[in-house]
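The following exercises are to be worked through with the sequence and the model at hand. Each task is followed by a solution in steps.

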Amino acid sequence: MYGNDLIGEVIPGRRPNKVPQIVTKRNPCSMIGTWNVRTLLQTGKLENLKIEMKRLKIDILGISEMRWNGQGDFISGDYRVIYSGGDNGNNGVGIILNKKWTQCVKSYIAYDDKLIIVTFDSPLCVGLSSTRRSSTGQLQER
């Protein structure tokens, strides 16, 4: 899936005896971002978020303060949502991926309501984490 994104078209050399060159795109991912959404509990908030991701051409978005309970992974339209929240509806983090990166997820660890780690099966060996800091700006230890 990601191979087509990384390898461009074959460009012939200027002379007939030259070997064709393969042009590689240096940046297969257009944009990675983070967003403190305050809450995704309200109806339509996830749809608004997907519209903004499409408008801004964001491929991978780390989300904080989702306020969803439990942990999960699901497909919503052309996007994959991986999230980790607490039992009380506070905090919560997640990662939303567009369809280009949906199939590239190798594994994920939903540690708690403040940390989620996603690794991708790609030649770039990408690992991504989404964390939430406390209101004082410090990561809280357990």
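**Exercise 1. Salt bridges**

Does Arg-67 count as buried, partly exposed or exposed, and at what relative accessibility? Place Arg-67 and the other charged residues below in their salt bridges.

*Solution.*

The structure is a predicted model, in which local features need pLDDT of at least 70, side-chain atom pairs count only at pLDDT 80 or more, and totals for chains, interfaces and linings use all residues. Residues are numbered from 1 along each chain as its sequence is written, and side-chain values use heavy atoms, with hydrogens and water left out.

Step 1. Buried means under 20% relative accessible area, exposed over 50%, and partly exposed in between, with a 1.4 Å probe and protein chains only. Arg-67 has a relative accessibility of 26% and therefore counts as partly exposed.

Step 2. A salt bridge requires a side-chain nitrogen of Lys or Arg within 4 Å of a carboxyl oxygen of Asp or Glu. Six salt bridges are found in the whole structure. One of them joins Arg-67 to Glu-65, with 2.9 Å between the closest N and O atoms. Glu-65 counts as buried because its relative accessibility is 10%.

Step 3. Glu-52 and Arg-55 also form a salt bridge, at 2.7 Å from N to O. Both residues belong to helix H2 (residues 45–56), where they are three residues apart, about one turn of the helix. Helices (H or I, at least four residues) and strands (E, at least two) are DSSP runs, numbered from the N terminus. Glu-52 is partly exposed at 23% relative accessibility, whereas Arg-55 is exposed at 55%.

**Exercise 2. The surroundings of Arg-80**

Which residues does Arg-80 touch, not counting residues up to four places away in sequence? Describe its polar partners as well.

*Solution.*

Step 1. Arg-80 lies in strand E6 (residues 79–84). With a relative accessible area of 15%, Arg-80 is buried.

Step 2. A contact means heavy atoms within 4.5 Å. Leaving out residues up to four places away in sequence, Arg-80 touches Asp-73, Phe-74, Ile-75, Ile-95, Ile-96, Leu-97, Thr-102, Val-105 and Tyr-108.

Step 3. Asp-73 is the salt-bridge partner of Arg-80, and their closest N and O atoms are 2.5 Å apart. Asp-73 is partly exposed, at 32% relative accessibility.

Step 4. A polar contact is a pair of N or O atoms within 3.5 Å; within protein, one must be able to donate a hydrogen and the other to accept it, and residues adjacent in sequence count only if both atoms are side-chain atoms. The side chain of Arg-80 also reaches the backbone oxygen of Thr-102, at 3.0 Å.

**Exercise 3. An aromatic cluster**

How many aromatic pairs does a search of the whole structure find? Classify those that involve Tyr-83.

*Solution.*

Step 1. Rings of Phe, Tyr and Trp (its six-membered ring) pair if their centres lie within 6.5 Å; planes under 30 degrees apart count as stacked, over 60 as edge-to-face and the rest as tilted. The search finds four aromatic pairs.

Step 2. Trp-68 and Tyr-83 form an edge-to-face pair, because their planes stand at 85 degrees, with the ring centres 5.0 Å apart. This pair links distant parts of the chain, 15 residues apart: Trp-68 is in the loop between strand E4 (60–64) and strand E5 (71–76), and Tyr-83 is in strand E6.

Step 3. Trp-68 is buried at 14% relative accessibility, and Tyr-83 is buried at 14%. Phe-74 and Tyr-83 form an edge-to-face pair, with 6.2 Å from centre to centre and 70 degrees between the planes. Phe-74 counts as partly exposed, at 30% relative accessibility.

Step 4. Trp-68, Phe-74 and Tyr-83 thus belong to one aromatic cluster.

**Exercise 4. Strands E8 and E9**

In which sense do strand E8 and E9 pair, parallel or antiparallel? Determine also which side chains of E9 are buried.

*Solution.*

Step 1. Two strands pair if DSSP finds at least two bridges between them. Strand E8 (residues 105–112) and E9 pair in the antiparallel sense, over six bridges.

Step 2. A hairpin through two residues connects E8 to E9. Val-105 stands opposite Phe-120 of E9.

Step 3. In a regular strand the side chains alternate between the two faces of the sheet. In strand E9 (residues 115–120), Ile-116, Val-118 and Phe-120 point to one face and are buried, while Leu-115, Ile-117 and Thr-119 point to the other and are not.
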